[in-house]
There are 2 protein chains.
Amino acid sequence: MKFGGTSVATVDRIRNVARHVKREHDAGNQVAVIVSAMAGTTNQLVEWVREANPSFDRREYDAVVASGEQISAGLLALCLQGMGLKARSWQGWQIPIKTSAAHRSARIVDIDGQALRAQMDSGEVAVVTGFQGICPETQRIATLGRGGSDTSAVAIAIAVKADVCDIYTDVDGVYTTDPRLVPKAQRLKKVSFEEMLEMASSGSKVLQTRSVELAMVHDMKTRVLSSFVDPDKMPAVSIDTLEETGTLLCGEDEIVESQVVSGIAFAKDEAKITILGVADKPGVASRIFGPLADASINVDMIVQNVSADGKTTDMTFTVGASELPHTLEVLNAAKADIGEFELLSSDDVAKVSVIGVGMRSHAGVAAQMFKELSDKGINIIAISTSEIKISVLIDTDYAELAVRTLHTAFGLDGD
Amino acid sequence: MKFGGTSVATVDRIRNVARHVKREHDAGNQVAVIVSAMAGTTNQLVEWVREANPSFDRREYDAVVASGEQISAGLLALCLQGMGLKARSWQGWQIPIKTSAAHRSARIVDIDGQALRAQMDSGEVAVVTGFQGICPETQRIATLGRGGSDTSAVAIAIAVKADVCDIYTDVDGVYTTDPRLVPKAQRLKKVSFEEMLEMASSGSKVLQTRSVELAMVHDMKTRVLSSFVDPDKMPAVSIDTLEETGTLLCGEDEIVESQVVSGIAFAKDEAKITILGVADKPGVASRIFGPLADASINVDMIVQNVSADGKTTDMTFTVGASELPHTLEVLNAAKADIGEFELLSSDDVAKVSVIGVGMRSHAGVAAQMFKELSDKGINIIAISTSEIKISVLIDTDYAELAVRTLHTAFGLDGD
């Protein structure tokens, strides 16, 4: 069971989390709980770090920031003990959760699940700090980066050979699209790991991408559930009824009757950059995108037009809106290599994606998508596709109309 | 160098601490810094622990509360790096600082100073979390109890074979008595470990008792200094001029021209308990004080009077004022063993102590003390003595008069 920052924001909420855990324990399930820091704590710690030293040492950043989960894990163990359960907290280095040396965005390399498993077998609840581990070479604490607790949870579930990994959040599952935007959006009972990955990279931020990848590789049944439901009104976990609550992430083969399209994702925080009048010679793309890759800027959609005169070309691509200023800087700095050009940019664009494993065996989804948008007079700026996803870049003003239209067109509307 | 909670209460103050450290580093001194948690942090953490579970597991208490120093140590390392110094933070378990298993009041058992020493030899500053270590058997974090950072500092100083251990506080040294009470009080340039111990147990709370004991046993030169002086206006540490700043704690033999009396200490938080009409039989004292010892109540002064009839006796003793309710409970519960008695209690009493190693070779101090008090009409309720201390219990109303009178009488007044 994993609980995020808003679920453990106060001692009262931590007590509520303890009631969820007690329900499982009382039903005979063995439990390890992974917790994030109390909401707000991590931000305060990061603020102090930046105040102390704006160009901070990532190892010291990790030492400071990792204290957040240490606190929430200890408090949850105390609440569980107060309810008569046996429990103890574990910090990443105590297990140990071994990580790479990339402080602040470390990867989990190995987890020894033996001590946790032994504790669980003896009827105790293991409470584990999310988001952190220890770099074995230096014996220093390393954090996994923001949202890393999801990854910790899946990795611990794999290490203790759990039957299921339940991720408690502030939503009660994965929806066909954002229910705040489309009231007819429906909760998905099941979603494949692949679809979930496409949703995450398309703006639906329920789970950290890396946690879904990890669950997929190890075929770990993972659920998304709400922690804000009354713990006594939820059924205890039973392997036969996993689909009855929340959304179950599982292998594609386990989704028997899949719809062609299972969800519509959208991201408004996109920015569009157009390079006008660049010389149309071999290697121009690599001279443009090479420096961006070196600067760790993630380029998403790319469109290239051949211009009328045959000598120059225009190139349009998207990056995350927050990366726009940095991207412009890098491009201007690379002018000597690229040659003369003119830059246009805008963050008034949105990406809308249609996702579904059914597309693998079903032709015509793209054509239907483009027609629906065209019928509403929505102009498509760029297109990108994968095996199970089609994304289009459109004007932000039309984003909500596009999502609602596609949600209805692909038969996703509920009552 | 050790800095307490008020000295690291904000990032700005931590930066000020870093300037003190930089001064020493720039002067060619090798430095390890021990820090407490930012003032207020520990209280918040303890409050959360109590809210989570009032009868808390001490191991989880330690896991939560130890995070405070983790934060301040990381932030200090970051501030030092920001000033161009090489620095890193160490948590107790990383060194390791091995402790007993008595969580929340653990004792330091052993410190491996090698890694710290190697870091210091290479010109880096080692920043160490005070107040905590690791219990080697369980690999769990243990704290030393409130004020334990002083002890951490002395222990680390011993482990790295330091020349001097500087304890920075919010006062600029040890005084002949409390300067808020007696404006003519003078800062002591030197004070012996033994005198410091008597002062600590007599109400002068500059340093934690255990830290002074440790410094005494290992003959570690220890200074008390103020962290609120401008770091640039303090001289860097030089072994030849240690007496010029703050107060130096050292062996008795190093204090050449000692005064007979070096300080007057007082404690207002005392409570007096009188047991009236208890049967005067052998073993009565052990039946009274046995249960108190079992309940970990520290009894200080004891006076027994034989009563007129020879059959019953009265017994007066003192405990800390905060322990009075618990003491009365324990005594009433022990009535079956002790036999019938009547209880009187009061916390309107104060203990005033005259302290000085010179008393060892100087008779008549007690007599002079009693005469001075008598001349002012101050009644003595109880007396206790050690080789270098005479304490009297008096009515609280007369405490300040008594301190001023004795300060003058024993020649301690400054200008």
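Helices and strands here are DSSP runs, a helix having at least four residues and a strand at least two, numbered from the N terminus. With that in hand, we can place a residue such as Phe131(A), which sits in the loop between β6 (125-129) and β7 (132-135) of chain A. Keep in mind as we go that this is a predicted model.

Let's stay with Phe131(A) for a moment. Its phi is near 75°, a positive value in a residue other than glycine. Most residues other than glycine have a negative phi, and most peptide bonds are trans. Is Phe131(A) buried or exposed? The cut-off for a buried residue is 20 or more other C-beta atoms within 10 Å, and Phe131(A) has 30 C-beta neighbours inside 10 Å, so it counts as buried.

Chain B offers another residue of this kind. Asp219(B) has a positive phi near 50° and is not a glycine. It lies in the loop between α8 and β11 of chain B, following α8(B). Asp219(B) is partly exposed, because 13 other C-beta atoms lie within 10 Å of its own.

The helix before that loop is worth a look too. In helix α8 of chain B (residues 209-217), the buried residues are Arg210(B), Ser211(B), Val212(B), Leu214(B), Ala215(B) and Met216(B). What do they pack against? Their partners are two helices, α6 (148-159) and α7 (193-201), together with the strands β9 (165-169), β11 (222-226) and β12 (247-250), all of chain B. One of those partners, α7(B), is itself mostly covered, with eight of its nine residues buried. Among the buried residues of α7(B) are Phe193(B), Met196(B), Leu197(B) and Met199(B), and also the charged Glu194(B), Glu195(B) and Glu198(B).

Now for the peptide bonds. In chain A, the bond from Ile95(A) to Pro96(A) is cis, with omega near -10°, and Pro96(A) is in the loop between β3 (87-90) and β4 (97-99) of chain A. In chain B, Ile95(B) and Pro96(B) are likewise joined by a cis peptide bond, with omega about -15°. Pro96(B) is found in the loop between β3 (87-90) and β4 (97-99) of chain B.

Let's step back to the layout of chain A. It is divided into domain 1 (2-252) and domain 2 (263-409), whose C-alpha centres lie 34 Å apart. How many residues bring the two domains into contact? On the domain 1 side there are 16, and on the domain 2 side 18. Helix α7 (residues 193-201) of chain A gives the largest share of the domain 1 side, four residues. By class, that side has five nonpolar, six polar and five charged residues.

Chain A also meets chain B, with 26 residues of chain A in contact with 26 residues of chain B. On the chain A side, the elements that give two or more residues are α1 (11-26), α2 (41-52), α3 (58-65) and α4 (67-82). The largest share, ten residues, comes from α4(A). The chain A side has 14 nonpolar, nine polar and three charged residues.

Two helix pairs in chain A show how the packing is arranged. Helix α6 (residues 148-159) and helix α8 (residues 209-217) of chain A pack at an angle of about 15°, with their axes 7 Å apart. That angle makes α6(A) roughly parallel to α8(A), and their crossing is left-handed. From α6(A), the contact uses Asp150(A), Thr151(A), Ala153(A), Val154(A) and Ala155(A), and from α8(A) it uses Arg210(A), Ser211(A), Leu214(A) and Ala215(A). These residues divide into five nonpolar, two polar and two charged.

The other pair is helix α12 (residues 365-375) and helix α13 (residues 399-409) of chain A, whose axes come within 10 Å and cross at roughly 130°. α12(A) and α13(A) are therefore oblique to each other, and the crossing is right-handed. Here Gln368(A), Met369(A), Glu372(A) and Leu373(A) of α12(A) meet Ala402(A), Thr405(A), Leu406(A) and Ala409(A) of α13(A). The contact has five nonpolar, two polar and one charged residues.

We can finish in chain B with Arg59(B), a residue of helix α3 (residues 58-65). Arg59(B) is partly exposed, because 19 other C-beta atoms lie within 10 Å. Leaving aside neighbours within four places in sequence, Arg59(B) is in contact with His103(B) and Arg140(B).

Methods:
Residues numbered from 1 in each chain as written. Chains lettered and ligands numbered in written order. Predicted model: local features only at pLDDT ≥ 70, side-chain atom pairs only at ≥ 80, totals over all residues. Domains from an automatic or database assignment. Contact = placed C-beta atoms within 7 Å. Axes fitted to C-alpha atoms, helices over the stretch in contact; angles between N-to-C directions. Parallel < 35°, antiparallel > 145°, perpendicular 65-115°, else oblique. Left-handed = near helix turned anticlockwise from the far one by under 90°. Buried ≥ 20, exposed ≤ 12 C-beta atoms within 10 Å, placed from the backbone.
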